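Please consider the structure shown below. The paragraphs that follow lead from its surface to its interior.

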Amino acid sequence: MIFSIFLLFFPLLTSWLISIFVDTSLYTNLVLPSFAPSSFVFPIVWTVLYLMMGYSSYRIYKKSETTIAQVIYFIQLFINLIWPFFFFQYQFFTFSALWLLLLIILVIGTIILFFQIDHTSGYLLLPYLFWITFALFLNITIVILN
């Protein structure tokens with residue numbers, strides 16, 4: 001039971017911990033494209049996405065215990081959580097875009113593996129895939145503009 005609750009909230013908890021160490025105020029100082037969301041949008045969207053990811057992972061755990069799907073899930077989550085350091089902390093904008101491309105590939109793999117175990121779990125990750133794909137385009141545009 002406790003592990004199930006852990007799976008539900010782990011993505012949200014880890015992102016919150018990372019936010020303590022990463023100053024995202026750089027975002028408002030960048031030259032941004034016209035399609036860039038306001039900075040207040042990101043915490044809202046990420047909270048919803050992390051809860052959906054946690055629920056998706058929980059469903060997979062309930063259906064199959066430990067699988068390669070969960071290993072890939074935690075790898076992609078780690079890749080996701082490291083991105084803010086590259087982008088905001090170190091301002092490696094080009095590297096950050098490549099890092100997002102790696103993340104997208106891993107998320108597609110996770111979705112495929114989750115879908116094979118539980119369709120709902122795969123579907124729950126689709127908004128996450130769309131958001132990080134958007135983030136890649138935003139990141140590339142920031143590289144070009146800055």
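L101 is located in helix α5, which spans residues 93-117. This model is a predicted one, and in it L101 has a relative accessibility of 42%. That value makes L101 partly exposed, because the partly exposed class lies between the buried limit of 20% and the exposed limit of 50%. L101 also belongs to a nonpolar patch on the surface, which it forms together with Y90, F92, F95, L98 and I105. The area of this patch is about 620 Å².

Beyond helix α5, the chain enters the loop between α5 and α6, where D118 lies. Is D118 buried or exposed? With a relative accessible area of 5%, D118 is buried, since buried residues are those under 20%.

The salt bridges of the model come next; by the rule applied, they number two. In one of them, the side chain of D118 meets that of R59, with an N to O distance of 2.7 Å. R59 is part of helix α3, which covers residues 41-64, whereas D118 sits in the loop between α5 and α6; the pair therefore ties together parts that are 59 residues apart in sequence.

D118 also forms a salt bridge with K63, and here the closest N and O atoms are 3.2 Å apart. K63 lies in helix α3 and D118 in the loop between α5 and α6, so this pair ties together parts that are 55 residues apart in sequence. Through shared partners, the salt bridges join R59, K63 and D118 into one network. Within this network, K63 counts as exposed, because its relative accessibility is 52% and the exposed class begins over 50%. D118, in contrast, is buried at 5%.

A further partner of D118 is found in helix α6, which consists of residues 119-124 and contains S121. The side chains of S121 and D118 make a polar contact at 2.6 Å. How accessible is S121, buried or exposed? Its relative accessibility is 0%, and S121 therefore counts as buried.

Which residues does S121 touch, leaving aside those up to four places away in sequence? They are S56, R59, I60 and F114. Among them, R59 is also the residue whose side chain meets D118 in a salt bridge. D118 is thus linked to R59 and to K63 by salt bridges, and to S121 by a polar contact between side chains.

Note on methods
Residues numbered from 1 in each chain as written. Predicted model: local features only at pLDDT ≥ 70, side-chain atom pairs only at ≥ 80, totals over all residues. Heavy atoms only, no water. Helix = DSSP H or I, 4+ residues; strand = E, 2+ residues; numbered from the N terminus. Buried < 20%, exposed > 50% of the residue type's maximum accessible area, 1.4 Å probe, protein only. Polar contact = N/O pair within 3.5 Å; in protein donor to acceptor, adjacent residues only side chain to side chain. Contact = heavy atoms within 4.5 Å. Salt bridge = Lys/Arg side-chain N within 4 Å of Asp/Glu carboxyl O. Patch = residues over 30% accessible without salt bridge, like charges linked within 9 Å, V, L, I, M, F, W, Y side chains within 5 Å. Areas by Shrake-Rupley, 256 points an atom, 1.4 Å probe, with all protein chains shown as cover.
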